[in-house]
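Me: I have a protein model open and I am new to this. Can you show me how to read it, feature by feature?

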Amino acid sequence: MNKRTVLIVCSAVIFSGLAFSSTPSLAQKKTVKACEEEWRANKTANEAAKITEKAYVGKCRGEAAKPAAAAPATTPVAPTAAAKPAPATKKSTDGRQAEYARERACGADWKADKAANKVPAGMTWPKYWSECNKRKKAAGM
């Protein structure tokens, strides 16, 4: 009975500490869905400013954690030049997409070569992928 009382008291202390912590509650932050709906409401303006939905949602969620006076809640704000994603981000995304495309193409080549018995003995997928990736990069893919 004594252990049970201690367990209940410790649990109450822990849960009350979590309930009264200084981190902002979920109700204070905008949800991803709310930010997506805002982006869709201003879709033409956002597309004209070349702001992607993903970038807008990230900015929206970041501003939601700031005080409400910093960002107007009801009036749509015209996107600024600072809101555009950095060119380095676009390049890394393009490079990643190109790598995925090369991997899919090499996978198709691997399956075709394997079905036609053109794969040399001892060749494994990682070795094939490495060589194929180099060929595809050199070809400009």
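Me: Let me begin with one helix. Which residues are buried in H6?

Reply: Keep in mind that this is a predicted model. To call a residue buried, look for a relative accessible area under 20%. In H6, that picks out Tyr128, Trp129, Cys132, Asn133 and Lys136.

Me: How do I read their placement around the helix?

Reply: Look down the axis and see where the buried residues point. For H6 they fall within an arc of 130°, so they line one face of the helix.

Me: Which exposed residues does the face of H6 turned away from its buried side carry?

Reply: That face carries Lys134, Lys137 and Ala138.

Me: How do I check the length of a helix?

Reply: Compare an expected span with the one in the model. H6 has 14 residues, and at 1.5 Å a residue they should span 20 Å. The end C-alpha atoms of H6 are 20 Å apart, which agrees.

Me: What comes just after H6?

Reply: Check the backbone angles there. Gly140 takes a positive phi, about 95°.

Me: Now the whole chain. How many helices and strands are there?

Reply: Count the elements, then read them in order. The protein has six helices and zero strands. Along the sequence, the pattern reads α-α-α-α-α-α.

Me: Next, disulfides. How many does the structure hold?

Reply: Search for paired cysteine sulfur atoms. The structure holds two disulfides. Count the bonded cysteines along the chain, and the pattern is 1-2, 3-4.

Me: What do Cys35 and Cys60 form?

Reply: They form a disulfide, with sulfur atoms 2.1 Å apart. Next, ask which parts of the chain are linked. Cys35 sits in helix H2 (residues 32–41) and Cys60 in helix H4 (residues 53–64). The two are 25 residues apart, and the pair links distant parts of the chain. Then read the twist about the S-S bond: at -75°, this link is left-handed.

Me: Is Cys35 buried or exposed?

Reply: Cys35 is buried, at a relative accessible area of 0%. Its partner Cys60 has 6% relative accessibility, so Cys60 counts as buried too.

Me: Which parts does the disulfide of Cys106 and Cys132 tie together?

Reply: Begin with the bond: the sulfur atoms of Cys106 and Cys132 are 2.0 Å apart. The torsion about their S-S bond is about -90°, so this disulfide is left-handed. Cys106 lies in helix H5 (residues 87–115) and Cys132 in helix H6 (residues 125–138), so the pair ties together parts 26 residues apart in sequence. Both Cys106 and Cys132 are buried.

Me: How do I read a nonpolar core?

Reply: In soluble globular proteins, nonpolar side chains tend to be buried together. Here the largest nonpolar core has seven residues: Cys35, Trp39, Ala49, Ile51, Tyr56, Val57 and Cys60. H2 and H4 are the elements that give two or more residues to this core. H4 gives the most, with three residues. Apart from this core lies another, of six residues, including Trp110, Tyr128, Trp129 and Cys132.

Me: What is Val57 in contact with, leaving aside its neighbours within four places in sequence?

Reply: Val57 is in contact with Val32, Cys35 and Glu36.

Me: And the overall numbers?

Reply: Start with burial: of the 141 residues, 16% count as buried. The accessible surface comes to about 11,100 Å², and 61% of it belongs to carbon and sulfur atoms. Last, take contacts between residues at least 6 apart in sequence: 52% of these join residues at least 24 apart.

Terms used
Residues numbered from 1 in each chain as written. Predicted model: local features only at pLDDT ≥ 70, side-chain atom pairs only at ≥ 80, totals over all residues. Heavy atoms only, no water. Disulfide = S-S within 2.5 Å. Helix = DSSP H or I, 4+ residues; strand = E, 2+ residues; numbered from the N terminus. Buried < 20%, exposed > 50% of the residue type's maximum accessible area, 1.4 Å probe, protein only. Core = buried A, V, L, I, M, F, W, Y, C linked by side-chain atoms within 4.5 Å. Contact = heavy atoms within 4.5 Å. Areas by Shrake-Rupley, 256 points an atom, 1.4 Å probe, with all protein chains shown as cover. Expected span 1.5 Å × (residues − 1). Arc of directions from axis to C-beta.
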